[in-house]
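Me: I have a model open and would like to go through its contacts with you. Could you tell me what earns each label?

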Amino acid sequence: MSLNRRTLLTGALSAAAAGSLAGCGGKDLDDLLAQAATVPRRPARLTWWVSEIPSRRGAVVADLIIRAFERRHPRIRVSKINALSTSDGNRSAIATQLAGGSPQPDVYLGDTTWPAQFGHSALALPVEKLLPSGFWDAYPAALRTGSTYRGRTYAVPFFTDSTYLFYRKDLLAKHGLRVPRSWEELLHTSRTVQRAGDVEAGFLWQAAVTESLTANVTEFLADAGAAVLDGRGRAALGGAEAERAFSLMAEFTARGVTPRTVATYEESDSQDAFVNGRGLFLRNWSYAWVNASTPQVSRVAGKIGAALRPGFEGTGRSGVSCAGGWSNFVNPSSQELGAAMEFARFCAGDEVQRLLAREAGVIPAMTSVLDGPEARAAGDPTVLRAADLRLVARPVQTPYYPQVSKALYTPANAVVRGSLSPAAGVRAAREGLRTALEGKAL
Amino acid sequence: MRSVLHTKTAQTPSRGEGGGVRTGAPRKSPSAPPGSTARRRARTGWLFASPALLVIAAVTVFPVVFSLVLSFCEVRLEYGGLRFGSPTLAHYEALLTHPEWYRALAFTLGFTIVSVSVELVLGTLTALVLERLGAARGWILALLLLPWALINVIAAQLWSYLFNGTYGAVSWMCEQLFGTQPDILGQPVPAMAAMVAVDVWKTTPFVAIVVLAGLMLIPGDVYEAAEIDGASAWTTFWKVTLPQLRPIIAIAVLFRILQAFGIFDLPFVLTQGGPGTATQSVAILGYRILFQNLDFAGGAAVAVTTAVIVLGCCLLFLRVFRAQVDEGGRA
């Protein structure tokens, strides 16, 4: 028996090829959908990939939901897998697992920016045929649009996230100032309070090179009336409106209203600064209200308010918020597709949505719950004012969304740092968008 | 001095000069078994070795070959697994024609050269001091090893707190000293410098330990000979210590190049490759392509090109370094 290096190499190549082919055993989608259409009557076990859901009263919200589901379906047991809270880190972890064909988790909570990419890559089961007719009437239209890619729906609604302007009502009252209605007024108010030495930073937001900045850029562009894509999904960024949005981002840092370190801020960094009393205004997602109002973790608890984001003077537009949130996706490799789909539907249903309004520091996806008794009892302004928001979607309906997002946040970060002019930033973003949408960006 | 170096040369013949170092094919001994017995023994040998070979194939050879196959194929995720299409060079073409890859490569090369150089100098100096220490050496060694023992991600997170522009200790100290709070991780040059500083803090102890081991292997008589020849401390270091340390330094540098070129944890935690793409290493770029863009073939192409570059650098380094050692031996 003569085993030499050539033989070993040939063997390794064959093994690799065999392994590659082994991964090619495609599944018939109709079979998967047929399995998902039936809720099993035999005992079943499910795993749910879920990041921490902000809690209003200290309870673990995911556990409450699981217990409620198990009460309704005594034969199905659900265990949770704790996932990361950041969208990018979470996506990397779950995508690795799903791409390897793992049957677990059966259901996973994912960002509302994922459906197109995950649908395109067959990492999520299309669920439109598994939802009852009229299902989407109960949810915001923007959520349905964002969950759909090429006519197929890949996500089942769970909760939405919207952005607000949080402010220090004690400091505004001290200086006799009102909550700003425009960005220009916010700049002036911030400088007034900063000059008095009452606060270090005027406006805290997020400009790190992550998805956080893309959400901010989307909002500022919408404030100014600039479009990111045209009706045919091509890059349309440009013009005076876009430059106005980019100029504002640069002005915050240039005038000292925002600390220069905002270029490294994600949501948690800006929230930390705000709850430690270092900022007058904070732009953040709705969950920040619960955190900033909790005395154990916030020095400004009881001194804050929440308002809709302002707009630019003369545009008549304000209250813009990026449409965010988290939905449930079904793993197509799950061994319990029927039970998994039932769990996803249950999370979108009335019982869980009311539970979210009562216990969680998030905005339930079901619109009827927003003015229900649970929401009114909680008294959370981010829930009660959700219906007043002007939701704008990020350009998520492309499988190349991560590249699209990068095309926006990279030049925007340079503009905030002052190393790129607003006009050059807009040009760079437009060029990057075009390359990304063609699938040629890294 | 010459006498010292001749002594060393006589002790360690260079590779390829003498038959004692290089061994040819094993000769048959007069009592060698006949052919069939030898084949049977070989089969038995392979049989016993096969479990280990299978494990090596599974954890080392298979992933490498699989990455290669991925990078040269059209790959698509479908229900049930990966679908391999026709062979293509498109992923390499896309990579090698994209400026972002060159920027990532430039950062990675720059980071590797600067951090390894600084670590080498500081590590050698530290080792020289440690060698002269008496009873306290053990304690100081243990303290020095603390940063090296820390898990990379934890060390990076620790430094991200220190560099934080809002509440970081480093930022606060700079404010106290210079009256202004620096934006350390928000500007390209300070962010790169911070990353090198953290790497130097973490990895210099490793270089120091390796060099210290080399120092302790140098026989005392060569120093005595140098002293008899009237060499100063400075001359002794350059003409005696350093030449004798070259092989061990080569190993330390080789390890460091391999580690530094694959830098991922520091930029991932400290800057996420930013500001802009200023601190985006090739590993971060590969991660983004593979795990965020879900482009498996593109990510594999980054992995393969990086591996080829690192291998080339290491081979080049070894060749250059070996030549220097030989020169030292001939001097």
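Me: What makes the area between domain 1 of chain A and domain 2 of chain A count as buried?
Reply: Happy to help, and keep in mind that this is a predicted model. Buried area is what two parts lose to a 1.4 Å probe on being put together, summed over both, so the name fits here: domain 1 and domain 2 of chain A bury about 1400 Å², with 62% from carbon and sulfur atoms. On the side of domain 1, A:D161, A:T382 and A:R385 supply 35% of the area, more than any other three residues.

Me: How many salt bridges and polar contacts join these two domains of chain A?
Reply: The rule finds zero salt bridges across that interface, while three residue pairs are in polar contact.

Me: Why is the pairing of B:E100 and A:K406 called a salt bridge?
Reply: A side-chain nitrogen of Lys must lie within 4 Å of a carboxyl oxygen of Glu. For B:E100 and A:K406 the N to O distance is 2.2 Å, so the pair qualifies. Across the interface of chain B and chain A, the rule finds one salt bridge and seven residue pairs in polar contact.

Me: Which element gives the most to the side of chain B that touches chain A?
Reply: That is α2(B), with seven residues. By class, this side of chain B has 22 nonpolar, 18 polar and seven charged residues.

Me: And how much area do chain B and chain A bury between them?
Reply: About 4200 Å², 59% of it on carbon and sulfur atoms. In chain B, the residues losing the most area to chain A are B:W46, B:Y79 and B:T166, together 19% of what that side buries.

Note on methods:
Residues numbered from 1 in each chain as written. Chains lettered and ligands numbered in written order. Predicted model: local features only at pLDDT ≥ 70, side-chain atom pairs only at ≥ 80, totals over all residues. Heavy atoms only, no water. Polar contact = N/O pair within 3.5 Å; in protein donor to acceptor, adjacent residues only side chain to side chain. Helix = DSSP H or I, 4+ residues; strand = E, 2+ residues; numbered from the N terminus. Nonpolar A, V, L, I, M, F, W, Y, C, P; charged D, E, K, R; others polar.
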